[in-house]
Amino acid sequence: MSTSPPLGTVPPTGTAPLLSAETLKVAFPGRRGAATARAVDGVDLDIRPGEIVALVGESGCGKTTLARSLLGLVPPTSGRVTFGGAPLPSTGRALKAYRKRVQLVLQDPSGSLNPRHTVYDAVAEGLRIHGYAGDERAAVSGALSRAGLRPAERFFLRFPHELSGGQRQRVVIAGALVLEPELIVADEPVASLDASVRGEILALLLRLRDELGLSALVVTHDLGLAWNIADRVAVMYLGRIVETGPVERLLTAPQHPYTRALLSVLPEAEGEPVVLAGEPPDPSKVPSGCRFHARCQVLASGEAERAGVAEECRTVDLPVLNGGGDTQVACHWAAARGGTP
């Protein structure tokens with residue numbers, strides 16, 4: 001039986017998490033003696049029943065590696081993942097059962113769909129993998145309908161090349177929904193779509209949350225997308241979550257300089273955009289102190305010096321945020337101004 005909140009409501013902060021990462025780390029050994037890449041370097045993150053969490057950050061910050069580790073596709077180096085309070089299984093039948101309850105939606109529907117499979121076969125594939133014993137046709141039809149492809153039977157015999165980009169993404173979503181998951185992980189779900197179609201797919205994900213009590217982790221580089229879909233946002237930089245909190249509070253009153261920089265380039269942002277210096281550091285060469293300090297506009301402008309924390313920014317590491325629902329920030333400068341270190 002589902003433990004989701006009443007439809008259309010956002011779960012309160014005290015609701016027990018559906019999925020949790022606890023001090024999660026994923027490291028990849030370097031080749032030929034090169035240093036280990038710390039792709040995910042200590043992450044706490046909770047997703048509650050019926051909640052949509054947006055995981056936001058630049059390319060290369062570790063978002064996709066974190067998402068794949070939560071799915072059991074990339075084993076953690078340390079830390080743990082729990083689902084419904086139970087540790088994530090690592091092998092065999094239990095892991096297969098977990099992946100039925102937590103489904104992945106990829107950013108490129110063209111790459112996700114076999115061009116030789118009809119829409120019906122694409123959606124039915126998961127049912128066949130998991131040995132579904134019910135009415136396959138009815139399950140496929142219901143999933144397509146929930147994904148907004150109606151009447152579903154009109155799409156059964158079509159091939160991916162006969163569909164629009166938005167329709168292909170709906171087929172991918174239907175393939176996830178057919179297994180009746182409790183959580184979906186959507187990796188850049190609208191990145192490959194035209195602007196006119198993006199809003200439709202985001203509205204679909206919101207409707208699925210309201211109608212099915214479905215939870216979602218949406219991985220994106222776009223804070224504007226997070227504003228339109230998320231209940232809560234986690235901002236990731238160089239393997240760590242540096243700020244997290246309810247979407248409206250975080251996006252209207254950001255505390256971390258990195259979050260502020262990401263927001264400054266949105267079309268609706270006021271003032272001049274913040275141009276960050278250089279590229280994100282190599283995850284095999286994580287700097288000392290705050291890992292953002294080499295690119296930080298607050299440190300460069302002298303604001304951190306005036307706040308008396310410039311040396312801490314360069315030399316003192318910050319704690320892993322605890323993954324809860326309240327606004328939290330890992331930043332010496334924000335802490336000096338009354339934020340949470």
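Here are some exercises on this predicted model, each with a worked solution.

Before you start, residues are numbered from 1 along each chain as its sequence is written, and side-chain values use heavy atoms, with hydrogens and water left out. Because the model is predicted, local features need pLDDT of at least 70 and side-chain atom pairs count only at pLDDT 80 or more, while totals for chains, interfaces and linings use all residues.

**Exercise 1: the pocket**

Work out how much space lies in the largest pocket, and which residues and elements line it.

Step 1. Start with the term: on a 1 Å grid over the protein atoms alone, a pocket is an open set of points where a 1.4 Å probe fits, with protein on both sides within 12 Å along at least five of seven lines. Lining residues have an atom within 4 Å of a point.

Step 2. Take the volume, which is the space filled by probe spheres set on the points. The largest pocket holds about 620 Å³.

Step 3. Go to the lining: there are 23 residues, and those closest to the centre are Q103, L104, E125, G175 and A176.

Step 4. Sort by element, where helices (H or I, at least four residues) and strands (E, at least two) are DSSP runs numbered from the N terminus. Two or more lining residues come from each of α2 (92-101), β6 (102-105), α4 (119-129) and α6 (165-177).

Step 5. Split the lining by class: 13 residues are nonpolar, 7 polar and 3 charged. Here Ala, Val, Leu, Ile, Met, Phe, Trp, Tyr, Cys and Pro count as nonpolar, Asp, Glu, Lys and Arg as charged, and the others, Gly among them, as polar.

**Exercise 2: helix packing**

Describe how α4 packs on α6, α6 on α7, and α4 on α5.

Step 1. Two packed helices are described by the angle between their axes and the distance between the axes. Axes are lines fitted to C-alpha atoms, for helices over the stretch in contact, and angles run from 0 to 180 degrees between N-to-C directions.

Step 2. For α4 and α6, the angle is about 30 degrees and the axes are 7 Å apart. So α4 is roughly parallel to α6 (angles under 35 degrees count as roughly parallel, over 145 as roughly antiparallel, 65 to 115 as roughly perpendicular and the rest as oblique).

Step 3. For α6 and α7 (residues 195-212), the angle is about 20 degrees, with the axes 10 Å apart. That makes α6 roughly parallel to α7.

Step 4. For α4 and α5, the axes come within 10 Å and cross at roughly 115 degrees. Therefore α4 is roughly perpendicular to α5.

Step 5. Now the handedness: a crossing is left-handed if the near helix is turned anticlockwise from the far one by less than a right angle, and right-handed if clockwise. α4 passes α6 in a right-handed crossing, α6 passes α7 in a right-handed crossing, and the crossing of α4 and α5 is right-handed.

**Exercise 3: backbone oddities in the loops**

Find out what the backbone does at P151, E180 and E188.

Step 1. P151 sits in the loop between α5 (136-146) and α6. The peptide bond from R150 to P151 is cis, with omega near -10 degrees.

Step 2. E180 is in the loop between α6 and β7 (183-187). Its phi is near 55 degrees, a positive value in a residue other than glycine.

Step 3. E188 is in the loop between β7 and α7. Its phi is near 50 degrees, again positive in a residue other than glycine.

**Exercise 4: buried or exposed?**

Classify E180, E188, A143, G199 and helix α10 by burial.

Step 1. Set the cut-offs: buried means under 20% relative accessible area, exposed over 50%, partly exposed in between (1.4 Å probe, protein chains only).

Step 2. E180 is exposed at 66%, whereas E188 is buried at 11%.

Step 3. A143 lies in helix α5 and is buried at 0%. A143 and A176 are 33 residues apart in sequence and 8.4 Å apart in space, C-alpha to C-alpha.

Step 4. G199 lies in α7 and is partly exposed at 42%.

Step 5. Helix α10 (residues 257-264) is mostly covered, with 7 of its 8 residues buried: P257, Y258, T259, A261, L262, L263 and S264.
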